[in-house]
Amino acid sequence: MIGLLIDVTRCTGCEKCVQACVEANRLGPDLPWPQQTTDGLSAQRWTTIMVQPGGHYVRKLCRHCLEPACVSVCPARAMRKLAEGPVVYDPGKCLGCRYCMMACPYGIPRYEWTSTAPVVAKCQLCWSRLQSGEAPACVEACPEGATRFGDRNELLAEARRRLDAEPDRYLPRIYGEEDVGGTSVLYISDVPLDFLDYHGASGQRPLPELTQTALNAVPVVASGLTVFLAGFSWVIRRRMKLMPHRDLDVELPCDSQ
């Protein structure tokens, strides 16, 4: 399974990765809306650089969870987790329901607010490039080597090697190793990255374990509601049919004259 290793200590905030992503995915100019100004992500900007106190630059993008909550809640099966690692989506199947936006522990998927037929959009780890044997565009564009691409197990080994070699440079943690069941995008950093969690909701438990319980109840609730509405409709139609007959049975008052 492939993934990315992002070394926060090497990022200079040049945003060449951001521009490479826009060009590789033909995203066009960004049209900021109030809903996306908190971190810079949008339907036209799938990765962004967040500036932290002390001059630290942290890149934010889809984490490509090993057990993605977005996939588990998508009713149209527009979101898919590939065996190779990326979480991809088919905009042709997207209903625009935004369930994935609510389920994502990192607040990644974004809505096409300017479209008349809006769907969601997010990083797909340059899946089309990977199929052609190319690395993700952001990796090739980074002049500092802050983002590394490869097999996830090898990236974990490299992350541990760097932590062991320079313990004073990094926090003793690999972000994404076990978070929400593990992610394909890993981080090592000299500053805490908890701000990347959406309302601090990640933890180590895979979120589909939580979302699946609710989703399993949907068919039952929908079936019960359908039966109720069908019965209610039958009662109304029945009463409407009886109304003319009831009118005929009403006794008119006798004329006293």
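## Rings, a strand and a cavity

The charged end of arginine 63 sits over the ring of tyrosine 106, at 4.3 Å from the ring's centre. Keep in mind as you look around that this is a predicted model.

A similar arrangement involves arginine 98, which lies over the face of tyrosine 111 at 4.4 Å from the ring centre. Here are the two contacts side by side:

| Arginine | Ring | Distance to ring centre |
|---|---|---|
| Arginine 63 | Tyrosine 106 | 4.3 Å |
| Arginine 98 | Tyrosine 111 | 4.4 Å |

Tyrosine 111 is worth a second look. How many aromatic pairs does a search of the whole structure find? The search finds one. The pair is formed by tyrosine 111 and tryptophan 113, and its geometry is edge-to-face. A pair of aromatic rings is described by the distance of the centres and the angle of the planes. For tyrosine 111 and tryptophan 113, the centres are 4.9 Å apart and the planes make an angle of 75 degrees. Edge-to-face is the right label because 75 degrees is over the cut-off of 60.

Are these two residues buried or exposed? Tyrosine 111 has a relative accessibility of 12%, so it counts as buried. Tryptophan 113, with a relative accessible area of 28%, is partly exposed.

Now turn to strand 1, which spans residues 2-7. This strand is mostly covered, with six of its six residues buried. Ile2, Leu4 and Ile6 point one way from the strand, while Gly3, Leu5 and Asp7 point the other way.

Which strands pair with strand 1? One is strand 8 (residues 147-151), joined in the antiparallel sense over five bridges. Another is strand 9 (residues 185-188), which pairs with strand 1 in the parallel sense over four bridges. Isoleucine 6 is a handy residue to follow here. Its bridge partner in strand 8 is threonine 147, and in strand 9 isoleucine 6 stands opposite tyrosine 187.

Strand 1 also leads us to the empty space inside the model. The structure holds seven cavities of 30 Å³ or more, and the largest has about 130 Å³ of space. Its lining is made up of 20 residues, and Cys11, Cys17, Ile49, Cys142 and Ala146 lie nearest the centre. Strand 1, helix 1 (16-24) and strand 3 (56-60) each supply at least two of the lining residues. Strand 3 gives the most, with three residues. What classes of residue line this cavity? The lining has eleven nonpolar, three polar and six charged residues.

Notes:
Residues numbered from 1 in each chain as written. Predicted model: local features only at pLDDT ≥ 70, side-chain atom pairs only at ≥ 80, totals over all residues. Heavy atoms only, no water. 1 Å grid on protein atoms, 1.4 Å probe; cavity = no way out; pocket = protein on both sides within 12 Å on 5 of 7 lines; lining within 4 Å. Points joined across faces, edges and corners; volume = space filled by probe spheres on them. Nonpolar A, V, L, I, M, F, W, Y, C, P; charged D, E, K, R; others polar. Phe/Tyr/Trp six-rings, centres within 6.5 Å; stacked < 30°, edge-to-face > 60°. Buried < 20%, exposed > 50% of the residue type's maximum accessible area, 1.4 Å probe, protein only. Lys NZ or Arg CZ within 6 Å of the ring centre and 35° of its normal. Pairing = 2+ DSSP bridges.
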